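Work through the exercises below with the sequence and the model side by side, and try each task before reading its solution.

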Amino acid sequence: MNLDRLDIQILNLLQEDASQPLRVLARKVNSSPATCQRRIAILRAAGILLKQVAVVNRQRVGLALTVFVSVELDKQNDALLRNFEAKMAAQDDVMACYEVSGEFDFLLIINSASMERYHAFTREVFSSNNNVRNFKSTFAMNCSKFETRVALDVPPEADKDDDEED
(Lines give C-alpha, C1' and ligand atoms only; values in the text may rest on other atoms or scores of the structure.)
Protein backbone atom coordinates (compact mmCIF):
# COMPACT_ATOMS: atom_id res chain seq x y z
CA MET A 1 0.00 0.00 0.00
CA ASN A 2 1.36 3.41 -0.93
CA LEU A 3 0.92 5.91 1.86
CA ASP A 4 -0.02 9.43 0.87
CA ARG A 5 0.37 12.65 2.81
CA LEU A 6 -2.89 12.23 4.74
CA ASP A 7 -2.11 8.63 5.72
CA ILE A 8 1.30 9.65 7.05
CA GLN A 9 -0.10 12.63 8.95
CA ILE A 10 -2.74 10.43 10.55
CA LEU A 11 -0.20 7.75 11.47
CA ASN A 12 2.18 10.30 12.99
CA LEU A 13 -0.58 11.87 15.09
CA LEU A 14 -1.92 8.49 16.25
CA GLN A 15 1.58 7.47 17.28
CA GLU A 16 1.82 10.61 19.42
CA ASP A 17 -1.59 10.10 21.05
CA ALA A 18 -4.03 7.47 19.87
CA SER A 19 -6.62 8.59 22.40
CA GLN A 20 -7.37 11.95 20.76
CA PRO A 21 -10.92 12.30 19.47
CA LEU A 22 -11.48 11.77 15.75
CA ARG A 23 -12.70 15.35 15.29
CA VAL A 24 -9.46 16.70 16.82
CA LEU A 25 -7.37 14.43 14.61
CA ALA A 26 -9.34 15.52 11.54
CA ARG A 27 -8.84 19.19 12.36
CA LYS A 28 -5.07 18.69 12.75
CA VAL A 29 -4.78 17.07 9.30
CA ASN A 30 -7.27 19.45 7.64
CA SER A 31 -9.71 16.71 6.72
CA SER A 32 -13.15 15.50 7.76
CA PRO A 33 -13.75 13.04 10.61
CA ALA A 34 -15.43 10.64 8.13
CA THR A 35 -12.38 10.66 5.85
CA CYS A 36 -10.03 10.11 8.79
CA GLN A 37 -12.18 7.29 10.12
CA ARG A 38 -12.20 5.64 6.68
CA ARG A 39 -8.43 6.04 6.31
CA ILE A 40 -7.80 4.55 9.76
CA ALA A 41 -9.98 1.56 8.85
CA ILE A 42 -8.01 1.09 5.61
CA LEU A 43 -4.69 1.33 7.49
CA ARG A 44 -5.89 -1.32 9.96
CA ALA A 45 -7.16 -3.63 7.20
CA ALA A 46 -3.83 -3.29 5.36
CA GLY A 47 -1.92 -4.30 8.49
CA ILE A 48 -0.11 -0.96 8.71
CA LEU A 49 -1.87 0.16 11.87
CA LEU A 50 -1.47 -2.90 14.09
CA LYS A 51 -3.11 -1.76 17.32
CA GLN A 52 -3.65 1.19 19.59
CA VAL A 53 -2.18 0.79 23.05
CA ALA A 54 -1.12 2.69 26.14
CA VAL A 55 2.61 2.76 26.91
CA VAL A 56 3.21 1.85 30.56
CA ASN A 57 6.24 2.94 32.58
CA ARG A 58 7.69 -0.48 33.34
CA GLN A 59 9.71 0.74 36.33
CA ARG A 60 6.67 2.26 38.03
CA VAL A 61 4.81 -1.05 37.77
CA GLY A 62 7.66 -3.07 39.25
CA LEU A 63 9.42 -4.36 36.11
CA ALA A 64 12.71 -2.52 36.46
CA LEU A 65 14.99 -5.20 35.01
CA THR A 66 15.41 -5.20 31.22
CA VAL A 67 17.43 -8.00 29.67
CA PHE A 68 18.56 -8.52 26.08
CA VAL A 69 18.89 -12.25 25.57
CA SER A 70 20.67 -13.88 22.64
CA VAL A 71 19.43 -17.43 22.14
CA GLU A 72 21.15 -20.16 20.16
CA LEU A 73 19.03 -23.17 19.27
CA ASP A 74 20.49 -26.64 19.11
CA LYS A 75 18.63 -27.61 15.93
CA GLN A 76 16.98 -25.44 13.30
CA ASN A 77 14.21 -26.15 10.90
CA ASP A 78 11.00 -24.33 10.10
CA ALA A 79 8.92 -26.23 12.66
CA LEU A 80 11.48 -25.77 15.47
CA LEU A 81 11.88 -22.05 14.75
CA ARG A 82 8.11 -21.54 14.70
CA ASN A 83 7.78 -23.57 17.90
CA PHE A 84 10.32 -21.36 19.67
CA GLU A 85 8.58 -18.21 18.40
CA ALA A 86 5.23 -19.50 19.66
CA LYS A 87 6.70 -20.28 23.09
CA MET A 88 8.17 -16.79 23.33
CA ALA A 89 4.91 -15.19 22.20
CA ALA A 90 3.17 -16.95 25.10
CA GLN A 91 5.59 -15.54 27.71
CA ASP A 92 4.42 -12.31 29.35
CA ASP A 93 7.99 -11.35 30.30
CA VAL A 94 9.09 -11.40 26.65
CA MET A 95 8.52 -7.94 25.18
CA ALA A 96 10.08 -8.69 21.78
CA CYS A 97 11.39 -11.72 19.92
CA TYR A 98 13.52 -11.22 16.82
CA GLU A 99 14.97 -13.93 14.61
CA VAL A 100 18.46 -12.66 13.83
CA SER A 101 21.46 -13.51 11.71
CA GLY A 102 24.89 -14.18 13.12
CA GLU A 103 26.11 -16.19 16.07
CA PHE A 104 22.68 -16.52 17.69
CA ASP A 105 19.26 -17.41 16.29
CA PHE A 106 17.03 -15.09 18.31
CA LEU A 107 17.29 -11.85 20.24
CA LEU A 108 14.74 -11.35 23.01
CA ILE A 109 13.90 -8.30 25.06
CA ILE A 110 12.66 -9.30 28.48
CA ASN A 111 11.27 -7.18 31.30
CA SER A 112 11.37 -8.73 34.74
CA ALA A 113 10.60 -7.69 38.30
CA SER A 114 13.93 -8.90 39.68
CA MET A 115 17.03 -10.97 39.07
CA GLU A 116 15.36 -13.82 40.94
CA ARG A 117 12.33 -13.68 38.63
CA TYR A 118 14.57 -13.54 35.56
CA HIS A 119 16.56 -16.54 36.82
CA ALA A 120 13.31 -18.47 37.31
CA PHE A 121 12.26 -17.46 33.78
CA THR A 122 15.48 -18.84 32.29
CA ARG A 123 15.03 -22.12 34.17
CA GLU A 124 11.40 -22.46 33.09
CA VAL A 125 11.79 -21.37 29.49
CA PHE A 126 15.35 -22.15 28.41
CA SER A 127 16.63 -24.95 30.63
CA SER A 128 13.48 -27.00 30.27
CA ASN A 129 13.58 -26.57 26.48
CA ASN A 130 15.96 -29.16 25.10
CA ASN A 131 16.34 -27.24 21.84
CA VAL A 132 18.07 -24.22 23.47
CA ARG A 133 21.80 -24.83 23.15
CA ASN A 134 22.97 -21.58 24.67
CA PHE A 135 21.73 -18.16 25.75
CA LYS A 136 23.55 -14.98 26.67
CA SER A 137 22.04 -12.29 28.89
CA THR A 138 22.94 -8.62 28.63
CA PHE A 139 21.42 -6.43 31.33
CA ALA A 140 20.37 -2.86 30.62
CA MET A 141 21.94 -0.44 33.08
CA ASN A 142 20.08 2.64 31.84
CA CYS A 143 17.59 3.52 29.13
CA SER A 144 18.25 6.91 27.57
CA LYS A 145 15.70 6.38 24.78
CA PHE A 146 12.73 4.10 24.31
CA GLU A 147 10.37 4.79 21.46
CA THR A 148 7.42 2.96 19.94
CA ARG A 149 6.95 5.57 17.21
CA VAL A 150 7.98 4.77 13.64
CA ALA A 151 9.25 8.02 12.13
CA LEU A 152 7.37 8.76 8.92
CA ASP A 153 8.26 11.72 6.72
CA VAL A 154 5.38 13.63 5.20
CA PRO A 155 5.91 14.01 1.45
CA PRO A 156 6.43 17.52 0.04
CA GLU A 157 3.38 19.71 -0.48
CA ALA A 158 3.52 19.04 -4.23
CA ASP A 159 2.34 15.49 -3.55
CA LYS A 160 -0.73 16.68 -1.69
CA ASP A 161 -3.59 14.22 -2.07
CA ASP A 162 -7.16 14.88 -3.08
CA ASP A 163 -8.57 12.46 -0.51
CA GLU A 164 -11.98 13.99 0.03
CA GLU A 165 -13.11 11.93 -2.94
CA ASP A 166 -12.20 8.46 -1.54
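The exercises that follow concern a predicted model, and each task is followed by a solution in steps.

**Exercise 1. The largest nonpolar core**

Task: Find which residues have the most contacts inside the largest nonpolar core, and which elements each supply at least two residues of this core.

Solution: Begin with the core itself, which has 17 residues, and in which V69, V71, F84, L108 and F126 have the most contacts. Next, turn to the elements: β1 (65-73), α4 (78-89), β3 (106-112) and α5 (115-127) each supply at least two residues of this core. The largest share comes from β1, with five residues. Then take V71 as an example; leaving out residues up to four places away in sequence, V71 touches F84, F104, D105, F106, L108, F126, V132, N134 and F135. Finally, look apart from this core, where another core of 12 residues lies, with L14, A26, C36 and L49 among them. As a general background, nonpolar side chains in soluble globular proteins tend to be buried together.

**Exercise 2. A residue of the other core**

Task: Decide whether C36 is buried or exposed, and list what C36 is in contact with beyond its neighbours within four places in sequence.

Solution: First locate C36, which lies in helix α3. Its relative accessibility is 0%, and because buried means under 20%, C36 counts as buried. Then, setting aside the neighbours within four places in sequence, the contacts of C36 are I10, L22, A26, V29 and S31. As a last step, compare sequence and space for C36 and D7, which are 29 residues apart in sequence, while their C-alpha atoms are 8.6 Å apart.

**Exercise 3. Salt bridges**

Task: Determine how many salt bridges the model contains, and which residues are joined into one network by salt bridges that share partners.

Solution: The count comes to seven salt bridges. Start with R39, which forms one with D4, where the closest N and O atoms are 2.8 Å apart. This pair links distant parts of the chain, since R39 is in helix α3 (residues 33-45) and D4 in the segment before α1, 35 residues apart. R39 is buried, with a relative accessible area of 6%. The side chain of R39 also meets that of D7 in a salt bridge of 2.6 Å, N to O, and here helix α1, which holds D7, is linked with helix α3, the two residues being 32 residues apart. D7 counts as buried too, at 3% relative accessibility. A further salt bridge joins E72 and R133, with the closest N and O atoms 3.2 Å apart. Because E72 lies in strand β1 and R133 in strand β4 (residues 132-139), this pair ties together parts that are 61 residues apart in sequence. As for shared partners, D4, D7 and R39 are joined into one network.

**Exercise 4. A buried residue and an exposed one**

Task: Establish for T66 and for M1 whether the residue is buried or exposed, and then describe the surroundings of each.

Solution: T66 lies in strand β1, and at 9% relative accessibility T66 counts as buried. The side chains of T66 and R58 are joined by a polar contact of 3.2 Å. Not counting residues up to four places away in sequence, T66 touches R58, I109, I110, N111, T138, F139 and A140. M1, by contrast, has its place in the segment before α1 (5-16), and with 54% relative accessibility M1 counts as exposed. Together with I42 and I48, M1 makes a nonpolar surface patch of about 250 Å².

Notes: Residues numbered from 1 in each chain as written. Predicted model: local features only at pLDDT ≥ 70, side-chain atom pairs only at ≥ 80, totals over all residues. Heavy atoms only, no water. Core = buried A, V, L, I, M, F, W, Y, C linked by side-chain atoms within 4.5 Å. Buried < 20%, exposed > 50% of the residue type's maximum accessible area, 1.4 Å probe, protein only. Helix = DSSP H or I, 4+ residues; strand = E, 2+ residues; numbered from the N terminus. Contact = heavy atoms within 4.5 Å. Patch = residues over 30% accessible without salt bridge, like charges linked within 9 Å, V, L, I, M, F, W, Y side chains within 5 Å. Areas by Shrake-Rupley, 256 points an atom, 1.4 Å probe, with all protein chains shown as cover. Salt bridge = Lys/Arg side-chain N within 4 Å of Asp/Glu carboxyl O. Polar contact = N/O pair within 3.5 Å; in protein donor to acceptor, adjacent residues only side chain to side chain.
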